[in-house]
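Please open the model in your viewer and keep the selection panel at hand. The tour below goes from one selection to the next and says what is found at each stop.

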Amino acid sequence: MEIKTSSRSMNKLRDRFLNHLKIKWSLWFAIGLCLSLVACGAPKVDSFDSAYKAVQDYFLPKVKIEQALISDVVAARYTPNNIQEPLPKLESFPLYGAQPSNDPKSVYVEIYSSAEKANALKQDERWLVDVAEAFNAKNVTTSSGQIIRVGVRNVASGLGERLIASKTVKPAAYTPSAELWIEILKSDGITPKTITNVLQPNGAGFVLRGDIYQELSKGGAVTFDRLLDAITTGKLSIGYPNPYSSSTALNLLYTILWQAAGHNRDKQPLTVQDLQVPQVSSVFDAFQKQVVTTSVTTLELKEIFIRDQQKMQAFPLDGVAYASLKKLPGFDQVAYVPFGMPHNAPLVGFEWNTAEQQEGLQKFAEFAKSEPMQKLALSEPSILEHIKRNDLPSLTSGEVLKNALSFWKKRKDGGRTVYMMLVIDTSGSMNGARINAVKEGLRIATKEINAGNQVGLITFSDRVKNVVNLAPFDTLQHQRLLAAIDSLSADGSTALYDGAIAGLAPLMERHKADTSGLFRLLLLTDGEVTTGLKFEDVKEAMKFSDVRIYPIAYGEVNQSELSAIAALRESTVQVGTPQNVQNLLKEIFQTNL
């Protein structure tokens, strides 16, 4: 009996000891696990590999992703060829100076002007607005006694050309930055009437760090030829804006192709046949390898350059904007290297104008070219010297320029695959006009995706949905995207960073297999984060993901937080509205895909 009692006691002691060991083991396991984490939270991230591990092992398990993939049967109902692209609404572009009027005692002339001289909100970009206001104040009249009233609408050069070529709008005049757009307009069947070839002398050049300029100058004068050689040999990283809308970028593209074809020696204009020459492709491909970012606007490049001159060491800018830039704190040491054709802001009228409008434009041009008005412009001396040279690129036809743009679109990725996840907010606040405008914008933008690049779609509200897997863009993938876009609906709260992590994961997975690829994440949101992961949780994973994130602020959002996301890599926050989101998405796809 005593032996049995002793045996039971021993068993109890053994069980207690084992339980104690289990508790201690669990405790030490938890401590060990916590030691590999930061305060028992997110893992330490300081490289792509650690970011990949954090996303896969720590963040993804926290995110509930609903698989809502579009079936191929549904996708097959959609026809990509039927996409019709509406033009941007005219009210999206601000109008300064005089407004349209039916007053028979006045004649109204509206001028579509490039942004660098028609932005009334910035002192260094409002020259033409100031001229128009000064002119209107003088009450100048036509020979018939009507008072001439001038309005200036701020429209990017390329977009202005597209609007006028559509014949759905009929401004009295058009003044792009460069004559290149006038040639494209002619090739689109519009015959402009020249008012003046030079409204404001200007040009383009590369802004670059002063120390780099000094290094380049050791071999002699820093010309564009020398700068281009430094870029194509991998010594300089750059960015530039969209050549489909920016005169500076179109001028840069044309100058590179013109020089690569050897026309800097024979002074002949670029031809379509030149674009088939291997040497031209070789120079362009080498140039593109050094491009950090292709932006929607030049303003983005200025922001990125200001933020980090190590990653992006140079970017193109027109002379007037450079004259203003070098006055900013910290920019007195930057240098400038002019290139390409003049940006003389030609002013043209059209065949649909009345005789009074043509006369009004002529008198306005005379006023704008008067000495007091020209003194208002922030002229850059190096540009004024450059545009007097006799060895500048020769002007070519609009057809050649359009072929050059197509050449750029096909070859801009340098043979590398672009991978982009679209991460779209579908929370309840997106309901109605907001989500309808995004759907229309995404639908149109899919036309800009190069075959072979990879695109996927994720939506987020309080739930994250994987709608289209990241896959090569072909006809079927295009159909999947169109079907998915058509199915978007708004409901729920905003788990922005859950959506972002769900988008990062497949991109980082592809990165492990294709280290030479280009990785992008478009993040569109219209509100504050209300649920799920927070920025502080995931910012290091985003930073080291090797994915460039393009945030679009589509409403009342936390701008500072989105700016912090953009600052992790070479991007900026885009501001979207139901009025501009269609053109914004198109340009983001155009420059990135």
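At roughly what angle do the axes of helix 4 and helix 14 cross? Bear in mind throughout that this is a predicted model. Select helix 14, residues 355-368, together with helix 4: their axes come within 10 Å and cross at roughly 115 degrees. Since 65 to 115 degrees counts as roughly perpendicular, the two helices are therefore described as roughly perpendicular to each other, and the crossing in which helix 4 passes helix 14 is right-handed. Showing side chains here brings up the contact itself, where Trp127, Leu128, Val131, Ala132, Ala134 and Phe135 of helix 4 meet Lys363, Phe364, Phe367 and Ala368 of helix 14.

**The six-stranded sheet**

Next, select the open sheet of six strands, which has the order 2-4-3-5-12-6 and mixed pairing. At its edges stand strand 2 (95-97) and strand 6 (193-196), each with a single partner strand, so that one side of each is left without a neighbour in the sheet. From one strand to the next the twist averages 30 degrees. Within this sheet, residues 106-113 form strand 3 and residues 173-175 form strand 5, and these two pair in the parallel sense over three bridges; Tyr112 has Tyr174 of strand 5 as its bridge partner.

With the sheet still displayed, add helix 4 (residues 127-137) again, which packs on the sheet and touches strand 2, strand 3, strand 4 (147-154) and strand 5, its direction making about 165 degrees with that of strand 4. Then add helix 5 (residues 157-165), which also packs on the sheet, touching strand 3 and strand 5, with its direction at about 155 degrees to that of strand 5.

**Helix 6 and its surroundings**

Now move to helix 6, residues 180-187, where six of the eight residues are buried, so the helix is largely enclosed by the rest of the structure. The buried residues to highlight are Leu180, Trp181, Ile182, Glu183, Ile184 and Leu185. What surrounds the buried residues of helix 6? They pack against helix 5, strand 5, helix 9 (247-260), strand 12 (347-349) and helix 17 (398-411).

Of these neighbours, take helix 9, which packs with helix 6 at an angle of about 85 degrees, the axes being 10 Å apart; that makes helix 6 roughly perpendicular to helix 9. At this contact Leu180, Trp181 and Ile184 of helix 6 meet Ser247, Leu250 and Asn251 of helix 9. Before leaving, select Gly189, just after helix 6, which takes a positive phi of about 90 degrees.

**Residues 419-593 and the seven-stranded sheet**

For the last stop, select residues 419-593, which UniProt lists, in an unreviewed entry, as "domain: VWFA". Over these residues the chain is 42% helix and 22% strand, and the end C-alpha atoms are 8 Å apart.

Then display the open sheet of seven strands, ordered 1-15-14-13-16-17-18, in which the pairing is mixed. Strand 1 (65-67) and strand 18 (574-575) stand at its edges, and because each has a single partner strand, one side of each is left without a neighbour in the sheet. Inside the sheet, strand 14 (residues 454-460) and strand 15 (residues 464-472) run antiparallel and are joined by six bridges, with Pro472 in strand 15 as the bridge partner of Gln454. Finally, add helix 22 (residues 559-567), which lies across strand 16 (518-525), strand 17 (548-553) and strand 18, and runs at about 160 degrees to strand 17.

Conventions:
Residues are numbered from 1 along each chain as its sequence is written. This is a predicted model: local features need pLDDT of at least 70, side-chain atom pairs count only at pLDDT 80 or more; totals for chains, interfaces and linings use all residues. Side-chain values use heavy atoms; hydrogens and water are left out. Two strands pair if DSSP finds at least two bridges between them. Helices (H or I, at least four residues) and strands (E, at least two) are DSSP runs, numbered from the N terminus. Axes are lines fitted to C-alpha atoms, for helices over the stretch in contact, and angles run from 0 to 180 degrees between N-to-C directions. Contact means heavy atoms within 4.5 Å. Buried means under 20% relative accessible area, exposed over 50%, partly exposed in between (1.4 Å probe, protein chains only). UniProt positions are given in the numbering used here, feature names are shortened, and annotations may be inferred rather than shown by experiment. Angles under 35 degrees count as roughly parallel, over 145 as roughly antiparallel, 65 to 115 as roughly perpendicular and the rest as oblique. A crossing is left-handed if the near helix is turned anticlockwise from the far one by less than a right angle, and right-handed if clockwise.
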